[in-house]
Structure formats: C-alpha cells, structure tokens
Amino acid sequence: MSKHSFLTLLFFSLYFIISFSHALNNGFSVELIHCDSPKSPLYQPTQNKYQHLVNSARRSINRANHFYKNSLTNTPQSDVIHESGEYLMTYSVGTPPFNIYGIIDTGSDIVWLQCEPCEQCYNQTTPIFNPSKSSSYKNIPCSSDLCQSVRSSSGKDQNICEYTIKYGDHSHSQGDLSIETLTLDSMTGHSVAFPKTTIGCGHSNTGTFHGAASGIVGLGLGAASLTTQLKSSIGGKFSYCLLPYSDESNRTSKLNFGEAAVVSGDGVSSTPLVKKDPPIFYYLTLEAFSVENDRVLFSEGSGDEGNIIIDSGTTLTLLPDYVYTNLESVVVEKVKLDRVDDPNQIFSLCYSITSDDYDFPLITAHFKGADVQLHSTSTFVKVADGIVCFAFQSSEIGPIFGNLAQQNLLVGYDIQQNIVSFKATDCTKL
C-alpha cells in the first residue's frame with residue numbers, strides 16, 4: 001500500500017471514529033414512518049384516511065389477542081405480531097451495507113429479517129438479504145452463552161444456533177441466529193454502525209407477511225432486542241414523538257437514541273417500569289383516568305402494579321370491560337352530541353358532528369407518579385365524514401396503552417433508571 005493510500009485510509013478511519021463517537025455522545029435520531037403514510041412502502045393509495053384508521057383499529061384488536069395469549073404459554077416463542085406493525089424504520093445490515101425496512105415493535109425481543117437462501121420465504125417486494133455476500137456475517141454456535149440466553153433458540157448443529165418464532169395465526173419465522181453489523185442512518189447525516197449485533201436470519205417465513213418490510217426490529221426488553229443490545233452505547237435510552245394520525249403531510253415521526261432521547265424540561269412526568277413475566281413488554285401502573293374533573297379508577301391498590309402495557313405497535317387503547325364501561329359512561333355525560341353507530345362496527349361510542357370545532361372533554365391518564373393529558377385528536381377520532389368515535393375499546397384479554405393515545409407526546413424510555421417519561425409536545429415541529 002502506498003503512503004498516500006495509507007494516509008487516505010487513516011484519514012477516513014479517523015473521520016469515521018470521530019463521527020461515530022460524536023453521534024453516540026450526542027445521541028442520534030432516525031425516521032419512523034407510519035405504515036399508512038405516503039412515504040411508506042406499504043402505503044395503499046386507493047384507500048382513504050378513514051380506511052387507514054379502521055385497518056389500524058382492527059390490527060389493534062388482533063394484536064391484543066396474540067399479546068396476552070402468547071404471554072400465558074410456556075412454549076418458547078416471540079410475541080411479535082407481524083400483521084399489526086404500525087411504524088417502519090430503515091436500517092442496513094452487513095458489509096457492504098444492505099438496506100432494509102423493518103417494522104418497529106416495542107412488544108418484541110428480537111431483530112429478524114428474511115435471508116437468502118429461502119427455504120420458504122413470503123413475497124417480499126424489496127430485495128432479500130444474502131448473508132453470503134457480507135464479510136461481517138457470522139453464525140452463532142449452539143454452545144455459546146448468547147444462544148442459550150435468547151428465547152426461542154435451539155441448536156440445529158454445533159455450529160449454528162437456530163431461532164423459531166411462532167404466531168397465534170400459525171405463521172412463523174425460522175432461521176439462524178447470527179451476529180452482523182447493523183447500521184442506522186442518523187437524521188443528522190451520520191451513519192452509525194453497530195458491529196456484532198445479534199440478528200435472526202430467517203430462511204423459512206410463512207403466513208400473512210407481505211410487502212416491502214423484511215421482518216421486525218424489536219425494541220422490547222428481551223436479551224436480543226435492539227435496545228437491549230445497544231444499551232451501553234445509548235445509555236439505555238430511546239424515545240419517540242408520534243405525529244397526529246390526521247397529519248397528511250410527508251413528515252415523519254422520529255425515533256431517538258442516547259442523549260437525543262432524554263425527555264427533560266418543564267412539563268415532564270415519569271412513571272416506573274414494572275418488571276413482570278414475560279420480561280419483554282413495558283409494563284406501567286395506571287391508577288385512573290379522569291374526564292375533566294370526574295375520575296374513573298383503573299387500579300384498586302398496590303397489588304395492581306404493572307397493570308397495563310405501553311406499546312408502539314397497537315393503535316387503540318384497550319381496557320378491561322369494567323374500566324371501559326365506567327369511562328364510557330362518564331364520556332357520555334360530558335359530550336352533548338347525537339350518538340350514531342360506527343359504520344365499521346369497531347367502536348362502541350360514536351357521535352355525529354357537523355364541524356370539526358367541537359370541544360371534546362379533556363381526558364387524563366393517571367399513571368403512578370405521572371398525570372398525562374391526552375390530546376383530543378388522540379381520544380376522539382374521525383372514522384367517516386361527519387362521524388367521530390371514542391378511540392378506546394373494551395378488551396377481555398388485557399390492557400394496552402396504544403399509539404393513538406401517545407400522539408403529540410414525547411415518550412422516553414430509560415431502561416437503566418426503569419422509568420418511562422412523558423412530555424406534551426407538538427411532534428410536527430420537531
């Protein structure tokens with residue numbers, strides 16, 4: 001190698017190290033693309049905004065059924081529900097980097113993608129990753145501690161650790177657990193590479209998967225989730241600010257890591273994360289809702305710690321029957337509009353409106369130590385021309401604080417301090 005070539009390589013190596021260090025020390029942000037956004041590869045232009053919302057609501061109900069059904073079984077499996085992915089992010093794997101769309105899921109504990117050779121792959125409309133073309137791809141041995149620490153893994157032979165993910169609708173993903181370089185594109189223009197990241201390289205993926213997305217980016221609490229693996233690099237912190245569902249621009253939401261994810265300043269309130277089984281989900285303690293000055297109890301006492309999951313992939317907020325019934329009764333007392341049936345037969349409480357100027361009552365979620373005011377566009381949603389529905393739903397399976405309720409909130413997760421923080425924020429201005 002010539003002296004000039006060596007100095008050039010040294011310069012670029014130093015530049016990469018400095019840029020990498022700068023990105024990590026100051027944190028970084030990536031784009032979050034809602035699956036129904038015009039920027040999404042899953043966008044269906046033939047559907048109007050109401051159909052997009054209705055589809056998301058249906059996915060919420062399916063997701064809740066799978067969430068709690070899967071959490072009660074002893075069979076090793078991931079709790080990812082592919083059909084309910086609401087937000088996508090782009091990232092790269094391999095050397096050279098190979099671009100991928102992944103579905104973001106705070107209810108999943110693994111990063112997996114479709115890989116060549118495909119024994120049985122679903123119809124992915126974007127290119128499929130071929131690990132044989134990456135110089136940084138390595139299989140994880142079956143005997144390794146890493147293989148033993150990841151749920152849903154087993155030894156296919158001594159040299160390859162195999163993972164299997166099963167779903168409630170009998171779909172599945174199966175393949176090799178491996179280590180690979182994962183690269184995130186920061187919105188500041190700097191790419192941040194994370195070598196030796198554990199991924200699932202899926203060679204057999206069947207069911208109702210489809211489209212441009214190649215698998216899941218798990219942000220849950222499991223050993224192989226992206227946030228757990230990056231914990232030391234990002235200080236155990238990530239946050240997001242979700243745009244209002246009614247926003248029809250090409251703006252995107254943001255997913256922040258490290259120092260960029262710190263939620264601070266006036267108006268911040270924080271609530272403890274509660275550790276429960278399965279150790280994947282983010283459990284919070286919800287004590288009550290209030291509709292203006294009327295309070296509806298959710299929790300009866302300290303025995304109800306960790307009684308609700310906060311989830312980025314579920315649209316609606318789903319509540320136990322008795323809580324929903326009481327909450328709906330108070331809402332009915334406050335809203336002086338004519339009730340109508342939901343034409344989509346999803347929502348229980350809907351109203352006829354003649355303009356968008358109606359002042360719906362303020363609803364506050366009272367988490368332990370944190371009172372979070374919910375924006376009216378998050379609690380009452382337009383499902384058709386002239387029809388607005390209450391965006392909460394009764395569920396016999398289990399409670400989930402969904403992403404509609406989280407709109408226009410900066411939501412920060414700190415898995416070192418074990419807290420989730422909220423701050424009212426106009427997400428369109430970030």
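**Disulfides in this model**

Hi everyone, let's start with one bond: with -105° about the S-S bond, the disulfide between Cys-115 and Cys-201 is left-handed. This pair ties together distant parts of the chain, 86 residues apart, with Cys-115 in the loop between strand 4 (111-114) and strand 5 (138-139) and Cys-201 in strand 9 (residues 191-206). Please keep in mind that this is a predicted model. The two sulfurs here sit 1.9 Å apart. Are these cysteines buried or exposed? Cys-115 is buried at 0% relative accessible area, and Cys-201 is buried at 0% too.

How many disulfides does the structure hold? Five. Another one joins Cys-118 to Cys-121, with an S to S distance of 2.1 Å. Its torsion is about -85°, so this link is left-handed. As for the surface, Cys-118 is partly exposed at 30% relative accessibility, and Cys-121 is partly exposed at 24%.

Now, further along, Cys-241 and Cys-427 are bonded, S to S 2.0 Å. This bond spans 186 residues, from Cys-241 in strand 11 (residues 237-241) to Cys-427 in the segment after strand 28 (419-424). A torsion of about -80° makes the disulfide of Cys-241 and Cys-427 left-handed. Cys-241 is buried, with 3% relative accessible area, and Cys-427 is buried, with 3% as well.

For those who like connectivity, numbering the bonded cysteines in sequence order gives 1-6, 2-3, 4-5, 7-10, 8-9. And which cysteine sulfur is nearest to that of Cys-142, which is in no disulfide? The one of Cys-147, 4.8 Å away; a disulfide needs sulfurs within 2.5 Å. Cys-142 itself counts as buried, at 14% relative accessibility. Thanks, everyone!

Methods: Residues are numbered from 1 along each chain as its sequence is written. This is a predicted model: local features need pLDDT of at least 70, side-chain atom pairs count only at pLDDT 80 or more; totals for chains, interfaces and linings use all residues. Side-chain values use heavy atoms; hydrogens and water are left out. Helices (H or I, at least four residues) and strands (E, at least two) are DSSP runs, numbered from the N terminus. Buried means under 20% relative accessible area, exposed over 50%, partly exposed in between (1.4 Å probe, protein chains only).
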